[in-house]
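Work through two short exercises on pockets and one residue. Keep the sequence and the 3D view open.

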Amino acid sequence: TISNNATDANNDIDFSAGNGILDDGSGQVLLSSTLVKRLDATWVAGTNQGGLFSGAKANSTKYYEFAITNGTINDAGFDISPTGANIPSGYKGSYRGMIKTDGSGNILAFKQTKNKTLLTSPITEFFGNVGATYTNLTSSNVPLKSEIEAITNLYLDVPAPESNGRSIIFKDLVSNQQKQVILVKPTSITGFATIPDVLIALNSSGQFQYKSQDSSTGIDTLTIGNFQIKLNGWIDNNIKI
């Protein structure tokens, strides 16, 4: 698994000791002890060495982590390519997850457990009104791979009491499966209605569709107040565990 390094959390990632199945299924890569790799330096084998397979560390950029092996040396590093296209020659990779830098180039804080990543500070993906027809939302904060499920909190802020519940309907653009989430607003309450930890399936471009609906009449009435989608993290089913 991967985690923010305690000494230089802005630039370094710890790859824990353990083994991972190579992405091509030809074997495994084994790290006998924790390996610290630097995102701000070009890849060199060894702990506390550079980990970037190509280019230079940039702001607001996704980096995909791979444990790698050439059959003799076991190491790890980062690639801007979701498929590990820039893994050093002679090495094969085992995909271990994704990190992202913020607007200042610092690695966002997170906690990874198996194939689940939770962000320390949730990111607002959408804020505004929602119409009755499907709209695409593209996340710039999740891995751009198939089989990703966003972990979200949903908020609806309505300035006056509401007699009907509000529904948000999400559509998975891979299977076209729809999920309806009802945000109930009792008549005696104003302010936020909150639904935590809603899973939303994404396609390999980080997209899904959503629309609104009155849960009692089926008519779009989510035109007052504001709806928010906050990203807490994601489940990455591409990580072989």
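A pocket is an open set of points on a 1 Å grid over the protein atoms alone, where a 1.4 Å probe fits, with protein on both sides within 12 Å along at least five of seven lines; lining residues have an atom within 4 Å of a point. A volume is the space filled by probe spheres set on the points, which are joined across faces, edges and corners.

This is a predicted model: local features need pLDDT of at least 70, side-chain atom pairs count only at pLDDT 80 or more, and totals for chains, interfaces and linings use all residues. Residues are numbered from 1 along each chain as its sequence is written, and side-chain values use heavy atoms, without hydrogens and water.

**Exercise 1.** Describe the largest pocket.

Step 1. Its volume is about 200 Å³.
Step 2. Of the 15 lining residues, Thr1, Ser16, Gly18, Asn19 and Arg96 are the closest to the centre.
Step 3. Strands E3 (18-21) and E4 (28-31) each give two or more residues to the lining. Strands (E, at least two residues) are DSSP runs, numbered from the N terminus.

**Exercise 2.** Place Thr117: is Thr117 buried or exposed?

Step 1. Find the element. Thr117 lies in strand E11 (residues 116-128).
Step 2. Check the area. Thr117 has a relative accessible area of 4%, so Thr117 is buried (under 20%; exposed is over 50%, partly exposed in between; 1.4 Å probe, protein chains only).
Step 3. Find the partner. Thr117 is the bridge partner of Gln112. Strands E10 (residues 110-113) and E11 pair in the antiparallel sense over four bridges (pairing takes at least two DSSP bridges).
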